[in-house]
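Hello,

Here is the structure I promised to pass on. Please open it alongside this note; my findings follow below.

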Amino acid sequence: MISVGQPKNIVIVGGVAGGMSCATRLRRLDEKANITVLEKGKYISYANCGIPYALGNVITDKTKLHVQTSEKIASWFNIDVRTEVELVAIDRTNKVIHVKSVGANCGKMHCDIENISYDKLVLALGTDPFIPPIKGVDSEHVFTLQTIPDLENIQSYIAAHKCQNATVIGGGFIGLEAAENLRLLGLNVTIMEYLPHIFPPVDRDMAHPLQKELERHGVRLILNARITEITATGSDKPSQILLTGADPVTADLIIMSVGARPRTAIVEQAGIQTGKSGVIVNGAMQTSDPDIYAVGDMIETPHLVSGLPTRIALAGPANRQGRLAADHICGMNVNYRGNVGTAVCKIFDLTVGIVGLSVDALRSIGQGDKTRHLTIHPSQHAGYYPGAEPMVLKVAFEADSGRLLGAQIIGKEGIDKRTDVLAMAIRAGMSIEDLEHVELGYAPPYGAAKDPVNMAGFVGGNILRGIMQPVYAEDLVKEVCLEDCVGHRERHLPKKYQVVDVRTPEEFYKGHLIGAVNIPLDTLRRSLLLFDRSKTILVYCQVGYRGYLAYRILKQNGFEAVNMDGGFKAVCVGGYDLLIDQEK
């Protein structure tokens, strides 16, 4: 039940996703409340997720990024919106905030401090881009890409200086989107990533096809990048990015995209509790002060897979949190249900989806030994219908219960659909076996009778029940033995394995695992005398299915066997070149 009493003084600091969602929900619930929104920037309620696409002129009309204007919010919702106003301090004892005007609203000499009282205060301060301590990082040609003014500054700089060479420092969401759109403008683009692979939310083998896609479109990648200095730019001497152990890179334009830090300094000064990654809130979005709420990128909330407090910088959660804060202010009994970290990202012709935790992330929190995973390569719709495109789907689940823990998907089409289905499954606490029974919309142009989600359930269910024992390329790479031979170094897998490729001879000679022998599936039953019962038979095919059939034949004939997860394609797509014996 909504409890509406005396008019409340509600002040919201931050006028983008979480803040405006809270403000408009408040007005729909309480016509009498005094609602004030303060925003440090020039604009409110804009689609900052669309900013990289406006940079590349995919979105040609920048005004479409403005979801609402101050004038419309005032006329529709009777909300007092004030832009270019910055929060300076919070006086919790007297329930007053101190603010000052900035930008065009600030006088040339000084800005007076204004005091605004509140009954309830909602903080939606967001984040600041993290700027690493690199010499020259404050140069005029170094930018961040977070706000509409950032976008305008970059576009103006490119036009004024006729930039040709751009470098994006950071290979996460914004960095990849910025790189793609700079390339669409015709610039030469380099991505520098501090880590061993781009897009840290996914595992290394899943990042590999993304890296190949970037390179296919002419984007240069420098991984494990250690930047020491950014030199000044001038008409006679172009700027260079200096690195440890690598040649300098020329850059007319640099975009910093190495993460963001929650704006918590004022909150901490006010004595409000913060955690490792942001402001601590309860299920009603209240901070340690029950009259002060916090929402959006500045807070940490429970991750439903890890159970750990996590900061999720996504627009969807921020909007839901703002709405819940408004509900609670108006007397409703609400509880935020946590996050599963669902996201998708476009990288040229590929889409990558992530939900839950990657296998590497599970290992980092000590869950690696309790986790199993699988890799499959289905098409997005029926293979006989024109235009079928393959995808890579990697799913992690608990080894004992089968509870879904995470999924990573890459492909050209249908990625967002499966990401959303798996997000619902993880939120519902479903198991890998439950995916066998999921009913999804089927018609040849849209899916297959056995959807990729179902296929993951079939494979995972087999692993969970002990019907199939997988072996993973990432583990085999660690076991490769190198021996010096005459004129070269020879690679081989441990002698405990007899490696058998059950594909056709034509497939085999295009490339196969080191040390493999070719025994096609259709000859396997009459070739059992060729197998060494003292060894584990490592079987594989192209994507896993024929390998699974071979595995079942061998197991039921008394052999110890394992099947390569995802088949030979998982080895190739994942970049495990050390395991491959190329065409002879």
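**Helix H8 and what surrounds it**

Glycine 331 follows helix H8, and its phi is positive, near 90°. Bear in mind throughout that this is a predicted model.

H8 itself covers residues 315–329. It has 15 residues and spans 21 Å from first C-alpha to last, close to the 21 Å expected at 1.5 Å a residue. Which of its residues are buried? They are Pro317, Ala318, Gln321, Gly322, Leu324, Ala325, Ala326, Asp327 and Ile329. The cover over these buried residues includes two helix and strand elements from early in the numbering, helix H1 (17–29) and strand E1 (9–13). It also includes strands E7 (120–123), E19 (292–294) and E20 (299–302).

**Strand E11 and its partners**

Now look at strand E11, residues 188–192. Four of its five residues are buried, so the rest of the structure largely encloses it.

E11 pairs with strand E10 (residues 165–169). The pairing is parallel, over five bridges. Isoleucine 169 sits opposite methionine 192 of E11. Helix H5 (residues 173–184) joins E10 and E11 in a right-handed β-α-β unit.

E11 also pairs with strand E12 (residues 220–222). These two run parallel as well, joined by three bridges. Methionine 192 has isoleucine 222 as its bridge partner in E12. From E11 the chain passes through helix H6 (residues 204–216) to reach E12, again in a right-handed β-α-β crossover.

**The five-strand sheet and helix H14**

Further along is an open sheet of five strands with parallel pairing. Its order is E27-E34-E33-E30-E32. Which strands stand at the edges? They are E27 (470–471) and E32 (517–518). Each has a single partner strand, so one side of each lacks a neighbour in the sheet.

The partner of E32 is strand E30 (residues 497–501), and two bridges hold this parallel pair. Aspartate 501 has asparagine 518 as its bridge partner in E32.

Helix H14 lies across E33 and E34. It runs at about 180° to E34. H14 takes in residues 545–555, and its buried residues are Gly547, Tyr548, Ala550, Tyr551, Ile553 and Leu554. What do they pack against? Their contacts are helix H11 (452–464), strand E33 (536–540) and strand E34 (561–564).

Best wishes

Notes:
Residues numbered from 1 in each chain as written. Predicted model: local features only at pLDDT ≥ 70, side-chain atom pairs only at ≥ 80, totals over all residues. Heavy atoms only, no water. Expected span 1.5 Å × (residues − 1). Buried < 20%, exposed > 50% of the residue type's maximum accessible area, 1.4 Å probe, protein only. Contact = heavy atoms within 4.5 Å. Pairing = 2+ DSSP bridges. Right-handed = clockwise from strand over helix to strand, strands pointing away. Axes fitted to C-alpha atoms, helices over the stretch in contact; angles between N-to-C directions.
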